[in-house]
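Work through the exercises below with the sequence and coordinates open. Each task is followed by a stepwise solution.

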Amino acid sequence: MLRVQLRPLSMMLQAIPVSARLFLAGKAPVAPVGGSGGRSIHAGESTNTWRKPDAGRLKLNFDGSSKHTSRRASIGGVYRDHEGGFVLGYAERIGKATSSVAELAALRRGLELALENGWLNISIEGDAKTVVDVVRNRVSIRAEEDLRQCEEIAALLPLLDDGGMAVSHVRRAGNRVAHGFAKLGHGVARPRVWRGVPPDEVLRYLQRDADGK
């Protein structure tokens, strides 16, 4: 069974405007998913390679993985600083899910970790363009499980970054570290979080990104 409720968010969901909920259901022409509460979402440039965030800001790269035949899914992500230094990584299994649900769950988990650690000044980057476009308020989603994830993401975004959040699409080659964590998620028995010291499986990709390769 797909586990989509990693944290109790009922109180935060009550704060989502009715217009946002209607949009998420595909019933409203305006998309306030990322812009509620006066926050603004800045669309970063789509790139082939990972780029360091601005000084004073952390970047979240996220990724979801769903096996084609079994649909067994896992999520992963990584936070890095403006020098490309590893700050935190996460990985876990989420049961059976579509690739889109896995991508959304990976983003949601990353946002949860930002709030848990008090990181409000972050950038977001992923290789799932549809998910990036959802956060940018460019597309709507109708699938039930996807909608549930979107509602939780919509509740989390207003709690982050008063100055405007950058959300970017990066192609798979630039999302190698997050992909490595998502791949690790298939093999972990319970949710894992790495702080300060990354697992060996992603070290070479972290170094390549930091070196701009």
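**Exercise 1.** In β6, which residue is the bridge partner of S123?

Solution. The model is predicted, with local features requiring pLDDT of at least 70 and side-chain atom pairs pLDDT 80 or more, while totals for chains, interfaces and linings use all residues. Residues are numbered from 1 along each chain as its sequence is written, and side-chain values use heavy atoms, without hydrogens and water.

Step 1. Strands (E, at least two residues) and helices (H or I, at least four) are DSSP runs, numbered from the N terminus. Two strands pair if DSSP finds at least two bridges between them.
Step 2. Four bridges link β5 to strand β6 (residues 165–169) in the parallel sense.
Step 3. The partner of S123 is A166.

**Exercise 2.** Determine what β5 pairs with in β2, and why β5 is largely enclosed.

Step 1. Strand β2 (residues 58–66) runs parallel to β5, joined by five bridges; N61 stands opposite E125.
Step 2. Buried means under 20% relative accessible area, exposed over 50%, partly exposed in between (1.4 Å probe, protein chains only).
Step 3. I122, I124 and G126 point one way, S123 and E125 the other, and all are buried.
Step 4. Because five of the five residues of β5 (residues 122–126) are buried, the strand is largely enclosed by the rest of the structure.

**Exercise 3.** Find what the buried residues of α6 pack against.

Step 1. Helix α6 (residues 176–185) has seven of its 10 residues buried, including F181 and L184.
Step 2. With contact meaning heavy atoms within 4.5 Å, the buried residues pack against β2, β3 (72–80), β4 (86–96), β7 (192–195) and α7 (203–210).
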